[in-house]
Amino acid sequence: MQSYDTIAGFYDWDMGQNNSGEDVAFYVRECRAAAGPVLELGCGTGRITVPLVQAGLRVVAADSSLPMLRRLQERRGRMLSPAESGRLQIVAMDMRRIGFAERFSRILCPFSLLTYLVKEKERRIFLQEVKEHLAPGGRMLLDVFTPDEELHALPDDRCVLDYRREIPGGWVLERRKQIRKKNRPDQVHSIFRFYRFYRPDGILEKEIRTEEDIRYFRRADLHAWLESQGFLVAAEYGDFVWGPPVPSSKVIVMACAVGGTSE
């Protein structure tokens, strides 16, 4: 995903702060409950990776963005002891081609990673790879953002403010967003994000634009599709808290087992 190459240098101030951190605690808890290694897909700069390793787990962290993985390597050096670092393997890899011989007790697909696979064929290939790499009794853990129906209903030329926040050095980062090219039958949107960096004196220093296609899911559709592909949705949560999703849930979390087996 080219957009993540572009924002890798400031990802931790951008998307990394757009989450309360409840997902990190959830994934750590769920992975500690299993015996065996963890494969984290779309690991990015290591916001989830590092706490998993610090919790005593052996983690393979994979991402297709080399700039994001370089940031993870930097975080590894700052935040992990030599013993902890020895439990972390960092891999540049496409999530549709999991190139390992070993099997994992947990395969993580966090932060709406599945939504970046916009084609049905891609998603089927991905799930087949997951099946082949889950250990007996293992689970795939994934989360997806619930669609913002009001935002999706806006005209393509409508730009909305996501946030404006202070970042290190007294600078200000502003992000605006447009959803364009809405393909409602396939539930695919093109999302344009516009970043502005303001110096401490308020002067605009630079602007960056990214674009990516997203395949959004509604809860019932995702549940049915996963089960049609041979997975049992063993548990569902709303917003990373115990209990099923409710209409106000911003994120749907699913724990999936292969062939109706689960721990």
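**Figure 1. The two sides of helix α8 in the predicted model****.** On one side of α8, A220 and S228 are exposed (over 50% relative accessible area, with a 1.4 Å probe and protein chains only; buried is under 20%, and partly exposed lies in between). L222, W225 and L226 of this helix, which spans residues 219-228, are buried. Helices (H or I, at least four residues) and strands (E, at least two) are DSSP runs, numbered from the N terminus. The three buried residues lie on the same side of α8, because they cover an arc of only 100° around the axis, taken from the directions from the helix axis to the C-beta atoms. Their cover includes α6 (120-133), β5 (134-145), β10 (231-238) and β11 (251-258), where contact means heavy atoms within 4.5 Å. G230, which follows α8, has a positive phi near 90°.

**Figure 2. The largest pocket and its lining****.** The volume of this pocket is about 1,200 Å³. Of its 38 lining residues, F145, T146, D148, K177 and K250 are the closest to the centre. A pocket is an open set of points on a 1 Å grid over the protein atoms alone, where a 1.4 Å probe fits, with protein on both sides within 12 Å along at least five of seven lines; lining residues have an atom within 4 Å of a point. Grid points are joined across faces, edges and corners, and the volume is the space filled by probe spheres set on the points. Strand β6 gives the most to the lining, with five residues.

**Figure 3. An aromatic cluster that includes Y237 and W242****.** Ring pairs link F26, Y27, Y237, F240 and W242. Rings of Phe, Tyr and Trp (its six-membered ring) pair if their centres lie within 6.5 Å; planes under 30 degrees apart count as stacked, over 60 as edge-to-face and the rest as tilted. The whole structure holds 12 aromatic pairs. The pair of Y237 and W242 is edge-to-face, because the ring centres are 5.0 Å apart and the planes stand at 80°. Y237 is buried, at 8% relative accessible area, whereas W242 is exposed, at 56%.

**Figure 4. The surroundings of K181 in strand β7****.** K181 is exposed, with 53% relative accessibility. Beyond its neighbours within four places in sequence, K181 is in contact with D156, V188, H189, S190, F192 and E211. The C-alpha atoms of K181 and D156 are separated by 7.0 Å, although these residues are 25 residues apart along the chain.

**All views.** Residues are numbered from 1 along each chain as its sequence is written, and side-chain values use heavy atoms, without hydrogens and water. In this predicted model, local features need pLDDT of at least 70 and side-chain atom pairs count only at pLDDT 80 or more, whereas totals for chains, interfaces and linings use all residues.
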